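Open the structure in your viewer and keep the selection tool at hand. The stops below can be taken in order.

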Amino acid sequence: MAQDQSMKTMRLYDQVERILNELNHLGIDEDSPLSVEDLTPFDQYHYHGTAAVDEAARKLGATGDTQILEIGSGIGGPARHMAHVTGCKVTAVELQPDLSALSEQLTARCGLSGQIDHVCANVLDRPLEGQTFDAIMSFLVFLHIPARAELFDVCRSSLKPGGSMIIEDYIKLKEPDAQQAEDLRVKVQCPYVPDMDTYRQDLERAGFVSVEMEDMSSSWTAFTKERLAAYEARREHNVKVNGEDLTDGLQDFYATTAGLFSAGVIGGVRILARRD
Ligand SMILES: C[S@@+](CC[C@H](N)C(=O)[O-])C[C@H]1O[C@@H](n2cnc3c(N)ncnc32)[C@H](O)[C@@H]1O
């Protein structure tokens with residue numbers, strides 16, 4: 001699939017089985033059972049890790065009765081944490097086959113296969129047509145999907161009336177220069193970033209109401225800067241566990257995102273919206 005191949009220019013998505021190397025380094029072999037907590041240092045592909053998922057659980061009021069659709073579930077970190085702490089059920093849709101397959105294995109090893117369904121698909125292809133959910137969650141995914149009208153239509157039709165959606169995503173703060181635009185497009189796979197007002201209008205036009213937008217820009221600027229510094233400080237470990245090429249690739253990815261935030265080109269938003 002063309003889109004899947006090009007996604008790998010974003011090095012976060014390269015060799016995702018590196019999580020198994022990290023577990024191996026901790027003395028956990030490939031077949032042994034896992035706890036969700038074993039994985040959370042490595043399986044959250046968004047900012048502020050499980051704290052962001054806890055906040056989503058609180059804002060959505062998730063309980064054991066809640067059925068959540070997760071859009072762009074990565075290697076399954078948010079779905080597992082959400083299911084583990086709230087008892088809810090999650091249907092986790094992920095575009096990239098290697099990420100989805102790894103998610104499924106890790107979820108099974110955590111004993112959570114009864115609570116989480118992993119579905120490998122492009123959400124724009126409406127893989128769950130006809131099913132509706134109490135809530136949607138999506139962390140740092142919509143930045144990859146420029147077709148916002150189509151995307152928000154899928155979201156709306158996937159929710160029960162009155163259902164809520166929580167999104168964490170990028171917003172544009174100022175126009176990127178040519179190099180920054182290229183970095184966004186290639187290294188971050190982010191060809192389109194709306195400003196905050198456009199984002200709100202697009203959601204409202206799609207039939208979402210009570211749209212609350214929390215500006216995460218300064219928090220994410222600090223997070224991405226600290227993530228880069230922490231990764232650089234562990235270079236010896238990273239090279240030993242994952243090799244030099246992947247270490248360099250991830251370091252460049254973390255430096256690119258930290259640079260885009262600190263230059264004030266992109267910011268972040270946490271959105272809570274309700275289906276009318
Ligand atoms: C930055 S990662 C975040 C993963 C996960 N939400 C997390 O926080 O750990 C974004 C994910 O969205 C997925 N994605 C992008 N476009 C998608 C689409 N159209 N349908 C389903 N998943 C998509 C990517 O493959 C990637 O795994």
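A search of the whole structure, which is a predicted model, finds 0 disulfides. To see why, select cysteine 88 and look for the closest cysteine sulfur. That sulfur belongs to cysteine 110 and lies 14 Å from the sulfur of cysteine 88, too far for a bond, because a disulfide needs two cysteine sulfur atoms within 2.5 Å. Cysteine 88 is also buried, with a relative accessibility of 0%.

Next, select cysteine 190. Its closest cysteine sulfur is in cysteine 155, at 16 Å, so here too the distance is too far for a bond. Is cysteine 190 buried or exposed? Its relative accessible area is 3%, so cysteine 190 counts as buried.

Now move to the ligand. The space that the ligand takes up is the second largest pocket. Show the residues around the ligand: there are 23, and those that come nearest are Tyr45, His46, Gly72, Glu94 and Gln96. Coloured by type, this shell splits into 12 nonpolar, 8 polar and 3 charged residues.

Which atoms of the ligand do histidine 46 and glutamate 94 approach? Select histidine 46: one of its polar side-chain atoms is 2.6 Å from an oxygen atom of the ligand. Then select glutamate 94, where a polar side-chain atom also lies 2.6 Å from a ligand oxygen atom. Go on to phenylalanine 139 and display its backbone, since the contact there is made by a backbone N or O atom, 3.0 Å from a nitrogen atom of the ligand.

Last, switch on the surface of the ligand. Taken alone, the ligand exposes 600 Å², and the protein buries 99% of that.

Key. Residues numbered from 1 in each chain as written. Predicted model: local features only at pLDDT ≥ 70, side-chain atom pairs only at ≥ 80, totals over all residues. Heavy atoms only, no water. Near = heavy atom within 4 Å. Polar contact = N/O pair within 3.5 Å; in protein donor to acceptor, adjacent residues only side chain to side chain. Areas by Shrake-Rupley, 256 points an atom, 1.4 Å probe, with all protein chains shown as cover. 1 Å grid on protein atoms, 1.4 Å probe; cavity = no way out; pocket = protein on both sides within 12 Å on 5 of 7 lines; lining within 4 Å. Sits in = over half its atoms within 2 Å of the grid points. Nonpolar A, V, L, I, M, F, W, Y, C, P; charged D, E, K, R; others polar. Buried < 20%, exposed > 50% of the residue type's maximum accessible area, 1.4 Å probe, protein only.
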